[in-house]
Amino acid sequence: MLLCLSPAWLSKAPSELHPGLSTLLLHKAITFDVGGRTYLDEFDPPRRVTYLIPCPPVDPDFTHGLDCPMGGSFELNTILGDTLYTRILLEKNHLVGPPTLGLIYKPVRAYSPEGTSVTVVEITSKTDQTDLIKEEIKRFLASPLLETYSQVVLKPSGGRWCTSRRPMWFLERGDLVTIQREVYSLLTLLEEGESVLLEALCPTMRPASALHTQTWDAFGRVSVPRPNLAFRICAIVTRSPEGLPLLNQLICSVGRADQPLHHGSSLPQTLETTLQEWGIADPVICNNIQNQVRDKAQACMKAIMEMEKEMSPEQRGGRGARMDLIGVDLVLSSSGQVITPNSARHQNITLLRKLRIVPVWRSGQPGLAEALLHTPLNRSQRYIMEGRNVLVIGAGGVSKSFIWESARDYGLKIHLVESDPAHFAAGLVSTFLHLDVTDHKRDPEHCVKICESLSERGIKPDGCLSFWDDCIVLVAMVCERLGLHCSPLSAVQTAKQKSQTHLRLLERAFSTNVPLPSTYTPNLTHQFPSCPESTMQSTGTFLSSYTQSTCFASIPKASHATDPFPVSSFSPPFSNQSPLHAMLQKSNQAANDRFSTSSHLNCPSAYQDSVHLSPISPSSESSNPISPLTRGNPQVGNTESLFCHPTGNPDSNSSLGSFINSAYHSSWTPSPHIYAVPCYHLESHVDIEKASKMINFPAVMKLEFGAGAVGVKRVDNQEQSHTHFEKISNDLREETDYPGIGLGWGNAMTMMEYLSGTEHDVDLVVYNGQMIASFVSDNGPTRVPYFTETAAAMPSYLRPDKKAQLVEAALRCCLGCGLTYGVFNVEMKMTPTGPRLIEINARMGGFYLRDWIRAIYGVDILFSAFMVACGVRPRLHQASPPLCHLIGVMCVVSQHLRALKTTASSEVLRLLHARGIIRLNQLDDELIASEYEEPYCNVACQSQDRDTARLQLLSICQILGIDSPDYPVSYFVSDFK
C-alpha cells in the first residue's frame, strides 16, 4: 500500500485494454516497511496503480476516465456523505432512523422522502422564506413521531460538511424559540446543495447501576458520582469479492450523554468491553445484541450496493468506482427489556481518517486488517489479470461449465484446446482450437501441434493449465516448451500415475537416514522426462510489465523452480533384492516406457545433496548433511531455505546454538515417505500374484490413471483381485468405453493397501513451492466395496491439530513429488496413526469444491489457479471464522433415478437453490444408469451452525426422496458430528 500526497506525483497514460480510458501511473509515494517506518520513494519507470482510494487534495476531474478499480469516488463520497440523502435511502430499504426535518438550500440532486419519516423542505432564499421555515419547524416538533423524544439534534449536512467535522447542538424539543433561532443562524452559512437537519435525539441505553451490599468508607474510599454516559457504535462493513456485505469490526466510543459524541474525541474500544461496562455480562444477551448490530449494518451496505447498480459509470465517478468499505453509526436504545440498535447516521470512506482503528486491531482481534483489505486486494489482482491470454487444454463436462463464465467475468482471454468439435464451451471462449488429444500416449505430438497452432494464430499465452485430469501432463509439456509457469513435467507425470506417486515418496526414505525395515531396498534409477523438442523461452515480457504495478502487497517476480526433492546421487546401502526393490523397479520401468524418458532433470549443484530428515546426533564426526528443513526458522514452502543446503557435517560453519536448533526442528519434521502407502503397478494377472506377496489384504484396486473413483473397489483376497482385474480389463479398454476417466492413458491398474479411518480432501494453492492457502473438507463413508463419494462437509469436523496434520502431509507429499506451482487437490485418509496419502490430483479440485470454498472462506481457487499459471503470486485472505458451514450429499442415477425424475427433478432442485433452501452443484446432465458411474449432482444445506446444516440436509433428503434404505443419508453423514 502506497500513500500519494500530491497530484504532481501522478500521471496518466492511454489504457491498453480500454480505449478512451487512462491508466494511472505513480512516480513518487510514501512507502511503509513491515515495522511501520515510512520512506519517500521515487519510481522510474513509474508504477501502475492497481487500486485507488481517492481523497483530497486530488482534483476530482483527475480521477475521471481511469481504468483501475477505485474504493469510492468524489461523486459517491458526496452522495453518501449527504446525511439527508442517505437517511431517505436507508428508510426506503426498511432501515428506520430518527424522524428528521431537512431544510435543503438550492438542492443539486433529487430527494424523494415519500413513505419515510423524513420531511424535506426546499429553500431558495435565506431571507424571504422565514414564515415557511417557522411553520415547518413548528409542524415537525408537534409531529406524533416526536412524542417520545424530549430532545432534538441540529446539524448541517452535505457539501463541505461531508469531509469535515460539523457542528452539532442538543436542544430541548419544547424550546421552539431557541430552535428557530439556531436554525436561522445555521441557514446563513449554507452553500448550494447543503442543508440543515433537525432530527430527534435517540435516547441511548443507560448503564446498569451496580448493587453494593457492603461499603468501604472506613478505608477512605470515596465514590464520586459519574456523569450520565452514552456510547456510539461504529460498524465497519466491507463488500466481499462475491458482492456480499460483511461486518469487519465494531468500534465503540464512550462520552457524556449531554454532549455530542464524536469518534475522534475518545479512544476506541470493543462492543464486548462496552457492554460489560454497561452491566451486560450475559453471553446470550451480548451475542443477540451483536447479531442485531451486524444485521442492521450489513443491511445498510446492501442498500448502498443496490443504489450503485442503478447508477451509470459517470454517476458513480468512473468505470471502477464503487464503495468497498463504509462505516455505519448506531446507538443502542432500550425500551423495557428490549434493546434495539438504531441507525444514527451513515459515514463514508473518510471514516478511516477519523477513527483510531489500529489500537483495536492490536487488542486481540487478529485478521481484521487482512479482512479489511480482502476486497481491495481481490480487485487489484483482477485488474492485474485482466486481458491475460490463458491457454486451457481440455474443456471437461457439465461440472466444469462455471469455468467459462467465471473467466469471462475475470476479463481473461481463454484459448481452449478440446477434442470435441461440438463442445458447448466453443462459443464461450476467445479462441477454440479443435485437436483430438484423447490418446495421451501421443502427448509429445499433441504438444508440438498445439504450439504450432498457437504460433500460426499469433497467440502468445501468458499461462497454460487444465481442469481436466487427463490433460495435466500435456499442459506440463506445453508449459515447458513455451517457458510458462508450471510444476516440472516429471512431477506432474509422477502425480498422474498413482502407484508412481507413492513409490516416489517411498524413495525419499532412502535419501534420508530414517530407519527402515531390512526388506526395503531402494531403486533410484527413475528418470525425469521432459517434453521432446522443447525450447525453454523467457517469460519476462509480462512479468516486467507487472513489476511496474502498484498493489496493496508486493508480488515478487516469479521464477521457475527446480525439483525441491532431487534424486540423490549416493549408492544405496542395501544390496539384497527385496519385494520393495522389485516394486520400485517395476514401477520405474513402467514409467520410463510410458513417458518416453529423454533426460534427467537438470538441477543446480546445490540441489544434488541427499535430504537428511532424521534426528541429528551432535557429533562432530557425523558425515550426514544438514536437513534443509532445519536451517534458521524454516517456513513451509520456502524452496531455498527448505530444500537447498550446503554439503557438510552439522556443525560446520554454524554455531552450537544454531546446530541445536537444527537438530530440534529435524526431529519434528518427518520425511514425506511416511505418508505413502505400499502399492504395485498391475498390467497382468502375473502382477497380481506378485503384488499379493507384498501387499496385505484387504486392498484397493483402481485404474492407474483413473478419475472419479470409477472402477475403484476393495478386494479382500487374491481371488477377488483376479476377478476385478479381469472385469475392468474387459469393460474399460479404451477412451470410448468411458470418456474422461483416464483410459486415454491405458487401462493398467494399481493395487494399494486399504486404509482405515476417515477420508478428507485437502485443496492447496502453491506458488514457487510455498503454500499460499489450504482448505480441508471431510468425506462421508462410501458404499463398500466401492468408493464413489457419498457425502461431504466443510469446514472439517476434525480438531485443529488433526487438520494441521492433514495440511502438512498434503503439502509435503506435493513437494515430495516436485509439484511447486498450481492449485492441487490431495485425497488423504486420517488413520489412527496419522495422515496417509490416497492420491494427488495435480489440478484444481472438482465437483463442488470451488463453489464451497468461495462460500465458506471467501477465496476463489479458480482465479488463484489462473494467477499461478500466469506467474502472479496470489494474495489470499481466508475468512476466519468461516462464513458458513456446508454439508452435502451426492445423488447417483443408479439409486435416485425415480427421485431425479419426480420429487428431486432438475427443475425442483434449481428452484430450491434459487430460494436458498439448498445449494446445488450439477455434475452431469444425463439420467443414465450405469454399473460404472459418477455422481449426478450434489445437494447441500448451508447454515451458520454445522449441526443445523446437518439436520436440514437430513430433512431435505427425506422430503425429496434422496434418503432410502439402500442409500442411507444418515449413515453417510454420521461422521459429521
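Start by selecting the open sheet of this predicted model: four strands in the order E20-E23-E21-E22, with antiparallel pairing. (Strands are DSSP E runs of at least two residues and helices H or I runs of at least four, numbered from the N terminus; two strands pair if DSSP finds at least two bridges between them.) At the edges you will find E20 (679–682) and E22 (713–715), each pairing on one side only. On average, neighbouring strands here are turned by 25° against each other, direction ignored.

Next, pick E21 (699–703) and E23 (749–753), which pair antiparallel over five bridges. Alanine 699 has glutamate 753 of E23 as its bridge partner. Now add helix H22 (718–731), which packs on the sheet and touches E20, E21, E22 and E23, its direction making about 150° with that of E22. (Contact means heavy atoms within 4.5 Å; axes are lines fitted to C-alpha atoms, for helices over the stretch in contact, and angles run from 0 to 180 degrees between N-to-C directions.) Helix H21 (685–694) lies across E20 and E23, at about 175° to E20.

Then move to H3 (130–141) and H4 (176–187), which pack at about 130° with axes 11 Å apart. That angle makes H3 oblique to H4 (under 35 degrees is roughly parallel, over 145 roughly antiparallel, 65 to 115 roughly perpendicular, and the rest oblique). Show side chains: Thr130, Ile133 and Ile137 are among the H3 residues in the contact, and Leu176, Ile179 and Val183 among those of H4.

Residues are numbered from 1 along each chain as its sequence is written. Local features need pLDDT of at least 70, side-chain atom pairs count only at pLDDT 80 or more, totals for chains, interfaces and linings use all residues, and side-chain values use heavy atoms, leaving out hydrogens and water.
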